[in-house]
Amino acid sequence: MTRESAGVPGEDDGDSVVYDLDADCTAEDVEQNQPYLAEINGIVDYGVFVDLSESVSGLVHESVLEGTFAVGDELVVELETVRDNGDMAFEPAEVDLDDGTTVEAVTHDYSLTGTDRLEGTVGEQIHLEGEVVQVKQTGGPTIFHVTDESGVVPCAAFEEAGVRAYPSVEVGDVVRVTGTPEHREGSVQIEVDGLSKLEGETAEEARDRLEDALESRAEPHDVAPLIDWPAFEKLRDDLQEVATLLRRTVLEGRPIRVRHHADGDGMCAAVPVQIALERFIAEVHEDDDAPQHLIKRLPAKAPFYEMEDATRDLNFALEDREKHGQQLPLLLMLDNGSTAEDVPAYETLAHYDIPIVAIDHHHPDPDAVGDLLDAHVNPYLHDEDYRITTGMLCVELARMIYPDITDELRHVPAVAGISDRSKADAMDDYIDLAVEEGYDEDRLQDVSEALDYAAFWLRYNSGDQLIQDLLQINSDEEERHRDLVSFFADRAREEVDEQLDAAMAHLEHEDLDNDAHLYRIDVENYAHRFTYPAPGKTTGEIHDRKIEETGDPVITVGYGPDFAVLRSDGVRLDIPQMVSELEEEVPGGGVSGGGHLVVGSIKFVKGKREEVIDALVDKMEDAEIDEALSSAAPIDD
Amino acid sequence: MTRESAGVPGEDDGDSVVYDLDADCTAEDVEQNQPYLAEINGIVDYGVFVDLSESVSGLVHESVLEGTFAVGDELVVELETVRDNGDMAFEPAEVDLDDGTTVEAVTHDYSLTGTDRLEGTVGEQIHLEGEVVQVKQTGGPTIFHVTDESGVVPCAAFEEAGVRAYPSVEVGDVVRVTGTPEHREGSVQIEVDGLSKLEGETAEEARDRLEDALESRAEPHDVAPLIDWPAFEKLRDDLQEVATLLRRTVLEGRPIRVRHHADGDGMCAAVPVQIALERFIAEVHEDDDAPQHLIKRLPAKAPFYEMEDATRDLNFALEDREKHGQQLPLLLMLDNGSTAEDVPAYETLAHYDIPIVAIDHHHPDPDAVGDLLDAHVNPYLHDEDYRITTGMLCVELARMIYPDITDELRHVPAVAGISDRSKADAMDDYIDLAVEEGYDEDRLQDVSEALDYAAFWLRYNSGDQLIQDLLQINSDEEERHRDLVSFFADRAREEVDEQLDAAMAHLEHEDLDNDAHLYRIDVENYAHRFTYPAPGKTTGEIHDRKIEETGDPVITVGYGPDFAVLRSDGVRLDIPQMVSELEEEVPGGGVSGGGHLVVGSIKFVKGKREEVIDALVDKMEDAEIDEALSSAAPIDD
Amino acid sequence: MTRESAGVPGEDDGDSVVYDLDADCTAEDVEQNQPYLAEINGIVDYGVFVDLSESVSGLVHESVLEGTFAVGDELVVELETVRDNGDMAFEPAEVDLDDGTTVEAVTHDYSLTGTDRLEGTVGEQIHLEGEVVQVKQTGGPTIFHVTDESGVVPCAAFEEAGVRAYPSVEVGDVVRVTGTPEHREGSVQIEVDGLSKLEGETAEEARDRLEDALESRAEPHDVAPLIDWPAFEKLRDDLQEVATLLRRTVLEGRPIRVRHHADGDGMCAAVPVQIALERFIAEVHEDDDAPQHLIKRLPAKAPFYEMEDATRDLNFALEDREKHGQQLPLLLMLDNGSTAEDVPAYETLAHYDIPIVAIDHHHPDPDAVGDLLDAHVNPYLHDEDYRITTGMLCVELARMIYPDITDELRHVPAVAGISDRSKADAMDDYIDLAVEEGYDEDRLQDVSEALDYAAFWLRYNSGDQLIQDLLQINSDEEERHRDLVSFFADRAREEVDEQLDAAMAHLEHEDLDNDAHLYRIDVENYAHRFTYPAPGKTTGEIHDRKIEETGDPVITVGYGPDFAVLRSDGVRLDIPQMVSELEEEVPGGGVSGGGHLVVGSIKFVKGKREEVIDALVDKMEDAEIDEALSSAAPIDD
């Protein structure tokens, strides 16, 4: 019972006070020995029936009544007794309604039960206020997923089988739910007795309260860095912003779709974040299946977000909204998604309510993607570079989201760094960290090779368990992890050797004017197709062997019918610049492509291959020697 | 109570009549003050017990009895009273069983409750007669889906968990169901108390009645044409036949699988029919999930029904039959399916009970497909041509199936016509219609481009929601529709421009002897592969630009390693004729192909490309100039 | 009631005996007229309350008591009566606890109800002992699948919704379940009242008993061979071992994944085994859905187990374990899986608990695969050869697993033999057997062609029902079978003819030094791609036609950009030998491959095709003529 004026019954002995129950008050709001304003709504032989509110009414027996009454008369009564069947009996209170009487309104006591206290109130009616985050119409009840300050709970409202209950209530509304928490298939669900949309000031207040709570719960954990690395710290604020956004997304019940580069660094980035989010979702959501429904990790084969993937993602999202009333997801791009090539796909999603976040260490084009991203973390935006790999970034992100995961992740930044051949000074610290966990450098190298090999054969599948076993995250069979990693790594090396056995014999060498070695390999004709390693990796492996043999400067070009991949060490190619020049110089060449100073790929139409490559080599002759430059991150095919 | 002879109790005051209840009569069939034939089945101190039918029996108290009786004696009785507990008391009727007495059989009053009145009878026992359209064995009850005159209802019969109830009852049988409608997961389902197969005359009568009702319900709506177009009207009867067949298919509970050409016209055809059928299914079926289970739309990439698609469709159909007891589906081919190339796939399905209907505006080969189709709508069968596009036809078809959809479809024929570049006179009317709905010509053009672009990226997915948003059918977010359409259309044009930037430089020009311009483009070597636009559209776009530049007559050939696509304006190529000549002229060329006078595609073996194309060009030199001829419908790759 | 010492009440009249109930004894263990040791746990006006065990207690009325008692005193009592409400009354027994008294412990009578008697005990509490084979955590109860001597039953234990019950109990533990069998979704399931892991000796005994029973139930049926064929009999023991292993796998509740060669023989092998196992699973498992969950047949396109397939299989297995608590499966390789090429995939699975069995008639490399296989059946291991086809072997295997299937399989070995062109003497007997079943040789040939054709279009789908219809196993529509077989066979022949029409014109002929005819066909340039027949079959068909035309010796080579398929009749090629020579002779050729003396395929890098094929032909010039040699089994592409 909440009294709007200061006084509560019994505390004010001065002027007499009569309480006037609001229409929505229930029997619980009526106290003993307190005077209530009632209205007569019926007269019978044995007394009069009075109403105190919509649901509170009872008999005043004729034996305690004096005088005559008419329906509609007001009467001040006190509770005499509540019978076993719940019927209430009243008696006249010894208070008169005169000028000295203060009438105090009594509002119904909606003391709210938070979603964190539902287990303890199973079977009892409770009240809850929160925001609707999903409305799923089942064949039976309508399920409103409601988030309050502490979690998300499904609330089942039954109107008629398959009929939308409370049709005016939609996702985003703030509602008050009266209902009974019940166990249902392993989760707590509230059976709704009443559900009303809050309006006006009440809604504002509730929304403010929820927003405050959400903001405070979304706040990421303040975790100490795994290693001391000033360059990395420049990105910490950005990561914290993303951690906040992702935690908030979970709290709001919105699904998350992760698209990551299908290589070692990409998986070192995506898996920790996936597991951290799954655990946070499990914590927030009463529904046990929520982690399964709310996060999905998918590899992306291309080094950018392809229209085909975006269309597919959009399709699934729209179907999930249609079938399950889910919100459209947030898209999280990892180790991918920073360049102009991503724009068409991003713009497609932008037409729907799909926020996009990218964490990447590939050379970004912020002018192109900036406006389309809700957050963008990339070392190049802070004058750092690819050496801070996405896996390193995402391990810290995962820890901000769910710090308890830390112990499972200490070796991961080292794997990420090795996968992308990061030459960061901090690599030593990361490797030390991994060694402390029992991973020597050979095993780290093996894990990296094994991830790459598994990613190739998994194609478009996420292979959750297998990858977790390889990375030993969320996986507790160390022996299997070790054996599997060695086996995959060995296979990978063996297959690389086989590929190179065929290819090396066909390598063409040329001494450029600038004294760089140029190696060319026709990967279409002198490498096996559709098998591991793919053209990009084949080229990279050849390049690495040649550097070892001949030392810098070395440029390697692996070309197929309509593409070429480029790697350079000790020579500044500036591939984006080359591409724009080639576009003009080779009319009808259909030249496009991307990359950085020393790593990149170029596409062209088949019929102009020779011309494009010749023009490319001409440019390389003039390229500036710069021994500091080294190709590192693997190229994708 | 149904009397088999003319008389009903009380109406016949002449000769005395005694009623004889059939064995299956119930208490409900017994009326007050009427004499019934009874048999004594027990004698006690206080009277005799009599049976009137298997379930109707009661006491005749000794106080009202005269004489002596033996078990098995007949007695004529009247109802005295029905006690609170349902026990019946009878008294002797003042009728003797003598020669003047007519004995009239009384059959049980199985007054049937139609599936349209189930909501009002939930919880009460009812009778229903209908045809079994699906028998699904669940782990619990057996579910018989029964269609009567007004709808289809699932009837759950429980024999033993997982055991087939009424094993002799199969799909196609006419049955009488006694049971109780109950709500179950949002639908009404009948819990079966008894289910019997009707036999002989009763079955015939019921079947006739059902058939009459079915026929009458299957009758399509008589909708006024959207525009006045005499050419179109020639096809109206055929469309009505198909509308009847499809409505009937829904009424019979048979699933429908739609395969449509994956281009703009194909989607303008398939989506309206899909939505109309979904709404009609929802109306007919008590089961809320029925629309989801009973109709599936799938794009077909090839311009004919491929064996691979047919095998896949058959597989799904057989699995659905095995797992869900569904009937095999009807196949609805839209904007596709009229030619000899469809025959192997059709014949494969013909071995199972799968009816096939084709609605198409591509040049048909009725001799090849006629016998395999249950219905075939095609303007060429009525001396009309491709200008009446499939989308135009299907908008009228959708309206016949479910007229309320009309308001959502007025702009669709214009989009369909623009997509297939229909030169129909009626296009103006269709465009006016669309303009009235707020679609100006630019937007219509954009919708068409956007559909084409989306279809490309969707590949084998139907992308229901996305396509509905682009077409703005069953979709209510106009702003998103507008933005998305512009964005996709712009992207499509941009990517066409990029493709043509590369390709146009490699276009080979030749002046043919007949003064036609011949343009050739090697789309394998001078266009990007696996990206939008595909070779067919690339060729078409080049052709269009050249017509604009040089004017008619123009022929354009886009060729790859083992195929060529052809477009001609102002020259009569007669591609089917060319193909049959080339088959003979180029032995070992593996030439096949299809098309019309001015649009088509040819396949050959890679090694004979030059020879085939040279021979083809020779024929073009001699081709007849005919300015009336114009390639219009896009060619598929 | 089980007495641990020899005596049972009433049998020992010598020294007096008092029975002492174990703590877990129930009222059922208490017999009339027998003395039981009790402890007083309460004293009231009208008597004393005594405990005989944890759940057995009752009143001794003061009227029958003498003396005084204190709580905790021992008393020897007899059962006086059991009241209607289950309350027990005792009276003092006429036995004293003195030195002459033997106290005998009474253990609770856990007489076990086998899973074969659950139907008869629905609703009654029973006990069951068995091994846990699956633990599935649902949102509600935890489901333990327990196998005892006669079957597998799901046992549902509810701790708290979604909370793992009995967390210490895992797959492989032997447990005692007390619970109540109930019908649930068509199956019998036990609602668990108590579940305890057996330990120590009890566990050993139970495990021995279960193991004995398992061993005896796993024993395959001793079926008489379909035909008399001594060569075949050499493999019977191996087949029996596999039958035992597969039956045991079913009894242990482990899933089975079948990967089979996607050709006629492969399907003749896989389908009978699949159906036999499905029927055996249905017999063993109470859960009606078990056959669907526990066996899956999948075609393999390559002639070996590809890494991609293995990765996919592993993925599914790990997901099923994660989601459904299933054991990892046994992999059954049929008509495939005997060679070194299978090793990487096998080793991948070996890191998980996945047993592998191969039944194959391709030339094996037992040194490579031996250690990786749990069983390997192959005629070459017994000095027999490919003429005993896998289909022939698997028909006998299927019969050992489930003999009732025999009548459906008599025609299958003949189809298998024809598909792989077995020249076995026994073919006549097999054909006679089929003829007796109404299959003439033409139809058998047709079935073989039809299977091949269907396999091509099904691609990666198993097409269960369609293949069963073609093979007429588990399928009862003979007319459809006949029609469909003819249709598919005709289509197959027609499409082969079309392919050969194009190809034959481009066949290059050469007379080799050893007088063999060499035919070469460029299947990339002179055959249609991506259509039936694929390159391997195309080459085989050409080879067959040429043998017919020219007679032996004939070698045919079908080559594409990076592969060649070889067929030889009358010439000993020894392809594995050739491959190893080529690997050395053509450096950078990337040569690999496999096969036998007269059938095989070779891969190489595109750019070295000419060199590899020239070197190959050189070898053929020198190859030994051996008229006995004949290429038979079809080559895969």
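Student: How many bridges join strand S11 of chain B to strand S13 of chain B?

Tutor: The model is predicted: local features need pLDDT of at least 70, side-chain atom pairs count only at pLDDT 80 or more, and totals for chains, interfaces and linings use all residues. Residues are numbered from 1 along each chain as its sequence is written, while chains are lettered from A and ligands numbered from 1 in the order in which they are written. Strands (E, at least two residues) and helices (H or I, at least four) are DSSP runs numbered from the N terminus, and two strands pair if DSSP finds at least two bridges between them. S11 (residues 152-157) and S13 (residues 187-197) of chain B run parallel, and the number of bridges joining them is 2.

Student: Which residue in S13(B) stands opposite Ala156(B)?

Tutor: Strands of a sheet pair through backbone hydrogen bonds, either parallel or antiparallel. In S13(B), the residue opposite Ala156(B) is Glu191(B).

Student: By what angle are neighbouring strands of the barrel sheet in chain B turned against each other on average?

Tutor: S11 and S13 belong to a closed barrel of 5 strands in chain B, ordered S9-S10-S11-S13-S12, with mixed pairing. Axes are lines fitted to C-alpha atoms, for helices over the stretch in contact, and angles between N-to-C directions run from 0 to 180 degrees. With direction ignored, the average turn between neighbouring strands of this sheet is 55°.

Student: Which element gives the most to the side of chain A that touches chain B?

Tutor: The contact (C-beta atoms, placed from the backbone, within 7 Å) takes 24 residues from chain A and 27 residues from chain B. Helix H6 (307-324) and helix H7 (343-350) of chain A are the elements that give two or more residues to the chain A side. The one that gives the most, with 8 residues, is H6(A).

Student: How far apart are the C-alpha centres of domain 3 and domain 4 of chain A?

Tutor: The bounds, from an automatic or database domain assignment, place domain 3 of chain A at 230-480 and domain 4 at 505-630. Between these two domains of chain A, the distance from one C-alpha centre to the other is 29 Å.

Student: What axis relates chain C to chain A?

Tutor: Copies are superposed by least squares on the C-alpha atoms of residues with pLDDT of at least 70 in both. Chain C falls on chain A with RMSD 0.4 Å after a rotation of 120° and 0.2 Å of shift along the axis. The relation is therefore that of a three-fold axis.

Student: In chain C, which residue has the C-alpha nearest the axis?

Tutor: Two copies of a chain are related by a rotation about an axis and a shift along it. In chain C, the C-alpha nearest that axis lies 7.8 Å from it and is that of Pro561(C).

Key
Contact = placed C-beta atoms within 7 Å.
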